[in-house]
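Student: Could you show me how to read a strand and its neighbours, and then the surroundings of a ligand?
Tutor: Gladly! Let us have the structure in front of us.

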Amino acid sequence: MKIAVAGMGVAGSTISSLLHDSGHDLSLFDPKSPGFYPPCGWAVNEREFCHLSQKIGLNGEDYVLSRADSIILSNSSRSIRLQSGGLCTIDKMRFLVDLADGMAISRGRLSPREYDIVFDCTGISRAYIGQPREDFRMSAVEALVAGSQKKEFVFNYYPGGHGYSWSFPLGSNTHIGSGSDRTELNSFVLSLPNKIRLTGRDIRIRPLFDEAVSGNVVAVGESAGTVSPITGEGILPSMRNAFLAAEKLERHGKEDFLKYYPRFLRESFAQYIDLFGLVKDARMGRLIRPANLMKVGTAIRDLKSFGINAGVWKILKGVI
Ligand SMILES: Cc1cc2nc3c(=O)[nH]c(=O)nc-3n(C[C@H](O)[C@H](O)[C@H](O)COP(=O)(O)OP(=O)(O)OC[C@H]3O[C@@H](n4cnc5c(N)ncnc54)[C@H](O)[C@@H]3O)c2cc1C
């Protein structure tokens with residue numbers, strides 16, 4: 001098959017490395033300059049990161065910058081300390097460079113008609129699949145700050161489902177950022193002292209599984225909405241999505257893959273549909289209702305898979 005991958009972030013780089021030796025005619029596209037610094041907290045669950053990295057021939061441990069001693073989860077009135085379940089930060093820039101090692105990447109634009117399949121891994125921009133009917137994004141700003149004052153990883157949730165700010169140690173430096181649809185809440189990041197770099201972009205927290213295929217164009221990663229609506233975790237979900245897409249294409253062939261891909265996404269990332277519902281309810285002030293009880297369990301499992309060990313009562317007391 002003639003396959004194009006647009007976007008060489010974590011989703012595009014992972015699917016490219018999976019398809020690289022599969023006998024397909026593969027072309028890769030990304031306009032970013034070498035040394036591009038991706039706006040991202042670089043936090044992942046170490047065990048899962050190492051597991052997925054190993055499957056594509058990389059040693060995940062080589063990229064770990066800081067491991068969480070403990071995790072502080074807070075809201076405007078309370079703060080709780082939680083055990084780490086393996087949350088760490090990685091050198092995402094180096095990881096992306098190594099993932100794409102030896103692959104030729106064109107900076108031009110592709111023409112979807114020339115390919116059997118185009119994987120749109122362009123994240124927030126959905127440059128080839130097009131904009132969805134409805135989206136939900138939060139605007140995020142992040143500073144790389146010199147020094148690492150705190151050992152903990154900190155998540156400070158804004159009331160009413162309006163996002164959160166974070167502080168994640170990165171070896172000798174720290175990422176401090178804020179993501180919210182209320183942009184005034186992000187503004188403290190602009191005035192942080194000791195900034196080395198300031199970055200930002202929108203983050204999509206709405207699953208777009210039913211709008212993940214258009215003709216021969218297939219969304220993978222944040223372009224498909226594989227981002228946790230409650231933590232903003234998108235690195236490992238994008239990698240998992242890339243594994244899913246590569247495996248299902250090989251197994252089902254082009255026609256069935258295009259037909260069933262939205263269903264595969266809904267099955268594999270069902271939790272994000274529930275969690276997006278939870279965020280919407282929080283924003284409408286109707287979080288505490290029977291229908292959401294099951295979703296609290298889903299939220300706890302989602303935190304665990306990100307590397308945050310949180311029990312039901314701690315979450316109810318500390319964050320909701
Ligand atoms: C501020 C911030 C902090 C975050 N922190 C974390 C975190 O700590 N942990 C975590 O797990 N997730 C985090 N996320 C989410 C995570 O970064 C993303 O969900 C994840 O990187 C998505 O990967 P992706 O490959 O789908 O998209 P992206 O990483 O956005 O990659 C998209 C790629 O497409 C390229 N591109 C754009 N337009 C085109 C085009 N027209 N043609 C070809 N290529 C194009 C871009 O150059 C880029 O390389 C954060 C996000 C933000 C914004």
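Tutor: This is a predicted model. To begin, look at strand 11, where F155 is the bridge partner of L73.

Student: How many bridges join strand 5 to strand 11, and do the two run parallel or antiparallel?

Tutor: Four bridges link strand 5 with strand 11 (residues 153-157), and the two run parallel.

Student: Which way does strand 6 run beside strand 5, parallel or antiparallel?

Tutor: Strand 5 and strand 6 (residues 79-84) run antiparallel and are joined by five bridges. One pair to find is S74 with its bridge partner S79 in strand 6. Between strand 5 and strand 6 there is a hairpin of four residues.

Student: How should I read the side chains along a strand?

Tutor: In a regular strand, side chains alternate between the two faces of the sheet. Strand 5 (residues 70-74) is a case to try: I71 and L73 point to one face and are buried. On the other face, S70, I72 and S74 are not buried.

Student: Now the ligand, please. Which residues are the closest to the ligand?

Tutor: The ligand is surrounded by 38 residues, and the closest are G9, G41, G123, G221 and G234. Elements giving two or more residues to this shell include strand 3 (43-45), strand 10 (137-146) and helix 5 (235-268). Helix 1 gives the most, with three residues.

Student: How do the residues of the shell divide by type?

Tutor: The shell around the ligand has 19 nonpolar, 13 polar and six charged residues.

Key: Residues numbered from 1 in each chain as written. Predicted model: local features only at pLDDT ≥ 70, side-chain atom pairs only at ≥ 80, totals over all residues. Near = placed C-beta within 6 Å. Nonpolar A, V, L, I, M, F, W, Y, C, P; charged D, E, K, R; others polar. Buried ≥ 20, exposed ≤ 12 C-beta atoms within 10 Å, placed from the backbone. Pairing = 2+ DSSP bridges.
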